[in-house]
Amino acid sequence: MYKFRFLLCAFITTVVSQASFADVRLNRLFSDGMVVQRETEIAIWGWADPGESVSVETSWGAKGEGVASADGDWSTRIETPKAGGPFTITVSGTNEIVLDDVLSGEVWLCTGQSNMDFALSRFVGDAREVQYQPLVESIRNEVATATDPWIRHIEVPQTTSIYEAKVDFEGQWVEVKPGQTEVISATGYFFAKELRKHLDVPVGLVECSWGGSLIEPWISEDAFRSDEELESYFDAERSKAEALIAKMDAEGYVDTKYVEALKKWEANGKKGREPRATVDPRDDRQVPATLYNGMISSIIPYSVKGSIWYQGESNAKHFPEEYQKRLTAMVETWRKDWGIGDFSFYWTQLAGYNSGEERQYTWAMVGDQMRRALVLPNTGMVVLHDIGEAKDIHPHNKMDAGKRFALLALEKDYGVKLPAASGPLYGSFKVKKAGIKVRFDEVGSGLMVGRKVLMEDTVEVEENLGGFDIVGEDGEWKAANAKIVSKRKVVVSHPDIVKPKAVRYAWLDNPVGANLYNKEGLPAAVFTTEER
């Protein structure tokens, strides 16, 4: 009797397994509530039995066909309609899949570390400093009351993969309504909300982000191997990872360092932070290429309009002076792998934060590297140093963060005429007698000294222009006198420096005295005129 039950279970399991394998499947992006990029040709893909024919039909009239390869992969391409919906997409093979409530609109990637990763729910707790509590109250109200079925969001789960490029994930599309809004990326939400205000079309957000992650795990192995210096870094890190994997897989492995640290911590009355076990490189989000393999690869080549990137905090302690090269490599290879041209890519200099480090300007170094990466085509940079919180690395003002990202997209991607889409960017400098004259681009209707308070518009104020440093032949940087002398120029000087060499601006992790704006209220970017 036991043998009969065993054979019966085995038969049922085999039948179920075969049936499951025979079913046509879709990448999880293609599911109910999805948003497709409007008025373009998009890829649709999935899996089926080798040689199986798969057809795609849509309620707006577009059709496509594909045949599964020997590995079971299939894909096809279809034309998408003008903005609107809801539509349906029907995929047919040995089985039929009907996707309901499909919208056509604008699709954006939301990528980076915690300030992109954190959902609205992470910002409803009380602020660490009382002056920021109004921001908390605003977000609480947004979570409780916001309703907009034309903003949709799907998140790729945080997944590492050191070798294998993942091709699918588990997730679902949600829309803005009480009970769902809270799980949406806060930065992404306010970005989408601003786009909706101006464009009145559906907006889809595809989120791939992980708090605390470096930029290196988001870069593909191919990207590392496209540059000799990056390849050397990658090979060294991969060798360390593989050596540790071999050690951890060995019979009788003991995490000696962790065990000793734990005993010491316990003997000390468990004071301070509890020690952590050594992370297996196969589960380590910091190993180069692991998040590209585990997350980004699973959504390529889903058609998007562009990407917004909020990351850099972790790299302030990890090769900050090389961030431009890494960001450039990442952007270029994402674009190459997506195969849809040089799609728009916008990033942000970091919000001000008192890091507590002795050298409190590594965030500025990363920010200046970001500025230099703007030589890439179809890119833009948001500036947030004026809306940070000294005691919270995750500032609550994601409203202005999202809006500033949206300004770039509205002007560059959608042709909306705006007074300004960016704050002042360093252009050039000339030494003039005992001072340096700095020329700015993106000044809108002109430069001004401004003050920004919470979500209120920046206002022009009668105060000294701050945030500038100047250096002479002795190499000693000094806080400088600065004055706006024309629509786009500032003169910087110091009475003790007669032969100035260079100028820098907002060169601190939390540059509270930096108050240069354009008259449209957008802050000037961190920069140094030094050659780097």
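Where is the place of Ile-340? Select the loop between helix H9 (323-338) and strand E13 (344-348), and Ile-340 is there. The model on screen is a predicted one.

**Stop 1: Ile-340**

Keep Ile-340 selected and show its surroundings. Its relative accessibility is 30%, and because buried means under 20% and exposed over 50%, Ile-340 counts as partly exposed. Leaving aside residues up to four places away in sequence, Ile-340 touches Val-304 and Arg-335. Now add Lys-305 to the selection. Lys-305 lies 35 residues from Ile-340 along the chain, and the C-alpha atoms of the two are separated by 9.4 Å.

**Stop 2: strand E8**

Move to residues 96-112, which make up strand E8. Is E8 largely enclosed or largely open? Of its 17 residues, 13 are buried, so E8 is largely enclosed by the rest of the structure.

The next selections are the strands that pair with E8. In general, strands of a sheet pair through backbone hydrogen bonds, in either the parallel or the antiparallel sense.

- Select strand E7, residues 84-92: E7 pairs with E8 in the antiparallel sense, over six bridges. The two strands form a hairpin, with three residues between them. Ser-92 has Glu-96 of E8 as its bridge partner.
- Select strand E2, residues 35-37: this strand and E8 pair in the parallel sense over three bridges. For Val-36, the bridge partner in E8 is Ser-104.
- Select strand E12, residues 306-310: five bridges join E12 to E8, and the two run parallel. Look for Leu-109, which stands opposite Ser-307 in E12.
- Select strand E11, residues 203-209: E11 and E8 pair in the parallel sense over seven bridges. Two places to look are Glu-106, opposite Val-203 in E11, and Trp-108, whose bridge partner in E11 is Leu-205.

**Stop 3: strand E11**

Stay on E11 and show its side chains. How many of its residues are buried? Seven of its seven residues are, and the strand is mostly covered. Val-203, Leu-205, Glu-207 and Ser-209 point one way from the strand, while Gly-204, Val-206 and Cys-208 point the other way. The residues of both groups are all buried.

Next, add strand E9, residues 148-155. E9 and E11 pair in the parallel sense over five bridges. Ile-151 has Val-203 of E11 as its bridge partner. Val-203 has been named before on this tour, as the residue that Glu-106 stands opposite.

**Stop 4: helices H4 and H11**

Select residues 186-199 for helix H4 and residues 398-412 for helix H11. The two helices pack at an angle of about 50 degrees, and their axes are 7 Å apart. H4 and H11 are therefore oblique to each other. Their crossing is right-handed.

To see the contact, show these residues:

| Helix | Residues in the contact |
|---|---|
| H4 | Ala-186, Thr-187, Phe-190, Phe-191, Glu-194, Leu-195, His-198 and Leu-199 |
| H11 | Lys-398, Met-399, Gly-402, Lys-403, Phe-405, Ala-406, Ala-409 and Leu-410 |

What kinds of residues make up the contact of H4 with H11? They divide into 10 nonpolar, three polar and three charged.

**Stop 5: the sheet E18-E17-E24**

Go on to an open sheet of three strands, in the order E18-E17-E24, with antiparallel pairing. Which strands stand at the edges? Strand E18 (459-460) and strand E24 (516-518) do, each with a single partner strand, so one side of each is left without a neighbour in the sheet. Now select strand E17, residues 447-451, which pairs with E18 over two bridges in the antiparallel sense. Arg-451 stands opposite Val-459 in E18.

**Stop 6: the sheet E20-E19-E23-E25**

The last selection is another open sheet, with four strands in the order E20-E19-E23-E25 and antiparallel pairing. Its edges are strand E20 (477-479) and strand E25 (527-528). Each of these has a single partner strand, so one side of each lacks a neighbour in the sheet. Select strand E19, residues 468-471, together with E20: three bridges join the two, which run antiparallel. End on Ile-470, whose bridge partner in E20 is Lys-478.

Key. Residues are numbered from 1 along each chain as its sequence is written. This is a predicted model: local features need pLDDT of at least 70, side-chain atom pairs count only at pLDDT 80 or more; totals for chains, interfaces and linings use all residues. Side-chain values use heavy atoms; hydrogens and water are left out. Axes are lines fitted to C-alpha atoms, for helices over the stretch in contact, and angles run from 0 to 180 degrees between N-to-C directions. Angles under 35 degrees count as roughly parallel, over 145 as roughly antiparallel, 65 to 115 as roughly perpendicular and the rest as oblique. A crossing is left-handed if the near helix is turned anticlockwise from the far one by less than a right angle, and right-handed if clockwise. Contact means heavy atoms within 4.5 Å. Ala, Val, Leu, Ile, Met, Phe, Trp, Tyr, Cys and Pro count as nonpolar, Asp, Glu, Lys and Arg as charged, and the others, Gly among them, as polar. Two strands pair if DSSP finds at least two bridges between them. Buried means under 20% relative accessible area, exposed over 50%, partly exposed in between (1.4 Å probe, protein chains only).
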